[in-house]
Amino acid sequence: MSGRVGVELTPAAVRMVRVSRYSARVTETIEIPWDPARPADAVATLRAKSGRPDGISLAIGLGFLEVA
């Protein structure tokens, strides 16, 4: 499966949306719980469920923002 993926990381979940290679049509969505103690598990799960994407965009949620 190819196409571009967008990954959103929030304090509670990791969401992935895959869009078609030639259009902006969503072809797949995955949401899994986020465990900050085991980030490699989230990466392995997304990789197993989605395959190898053509490109990746990453969005980090405001819950990870630290105010100085």
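**Exercise 1. Find which residues make up the largest nonpolar core, and which elements give two or more residues to this core.**

Solution. Start with the members: the largest nonpolar core has 10 residues, namely V5, V7, L9, V14, M16, I30, I32, W34, A42 and L46. Next, sort them by element: β1 (4–9), β2, β3 and α1 (39–50) each supply two or more. The top contributor is β1, with 3 residues. Keep in mind that you're working on a predicted model. Now pick one core member, L46, and list its contacts beyond four places in sequence: V7, V14, M16, I30, I32 and G51.

**Exercise 2. Work out what joins R21 to D54, and where each residue sits.**

Solution. Step one, place the partners: R21 is in the loop between β2 and β3, while D54 is in the loop between α1 and β4. Step two, check the spacing: they are 33 residues apart in sequence, yet their C-alpha atoms are 8.0 Å apart in space. Step three, look at the side chains, which meet in a salt bridge (3.0 Å, N to O). That fits the 4 Å cut-off for a salt bridge. Step four, check exposure: R21 has a relative accessible area of 43%, so it counts as partly exposed, and D54, at 45%, is partly exposed too. Outside its neighbours within four places, R21 also touches S2 and G3.

**Exercise 3. Take S20, in the loop between β2 (13–19) and β3 (26–33). Is S20 buried or exposed?**

Solution. Buried means under 20% relative accessible area. S20 comes in at 15%, so S20 is buried. Among residues more than four places away, S20 touches R4, R25 and T27.

**Exercise 4. Trace the salt bridges around E31.**

Solution. First, the total: the structure holds 5 salt bridges. One of them pairs E31 with R15, at 3.3 Å from N to O. This pair links distant parts of the chain, with E31 in strand β3 and R15 in strand β2, 16 residues apart. Then widen the view: E8, R15 and E31 are linked in a network of salt bridges. Exposure comes last: E31 is exposed at 51%, whereas R15 is partly exposed at 30%. For another bridge, see D41 and R38, whose closest N and O atoms are 2.4 Å apart.

**Exercise 5. Say which residues form a nonpolar patch on the surface.**

Solution. The patch consists of L58, I60 and F64, with about 300 Å² of accessible area together. Zoom in on L58: it lies in strand β4 (residues 55–60). Exposed means over 50%; L58 has a relative accessible area of 59%, so L58 is exposed.

Definitions and conventions
Residues are numbered from 1 along each chain as its sequence is written. This is a predicted model: local features need pLDDT of at least 70, side-chain atom pairs count only at pLDDT 80 or more; totals for chains, interfaces and linings use all residues. Side-chain values use heavy atoms; hydrogens and water are left out. Helices (H or I, at least four residues) and strands (E, at least two) are DSSP runs, numbered from the N terminus. Buried means under 20% relative accessible area, exposed over 50%, partly exposed in between (1.4 Å probe, protein chains only). Contact means heavy atoms within 4.5 Å. Patches are made of residues with over 30% relative accessible area and no salt bridge: like charges are joined within 9 Å, nonpolar side chains (Val, Leu, Ile, Met, Phe, Trp, Tyr) within 5 Å. Accessible areas come from the Shrake-Rupley method with a 1.4 Å probe; for residues, only the protein chains shown count as cover. A nonpolar core is a set of buried Ala, Val, Leu, Ile, Met, Phe, Trp, Tyr and Cys residues joined through side-chain atoms within 4.5 Å.
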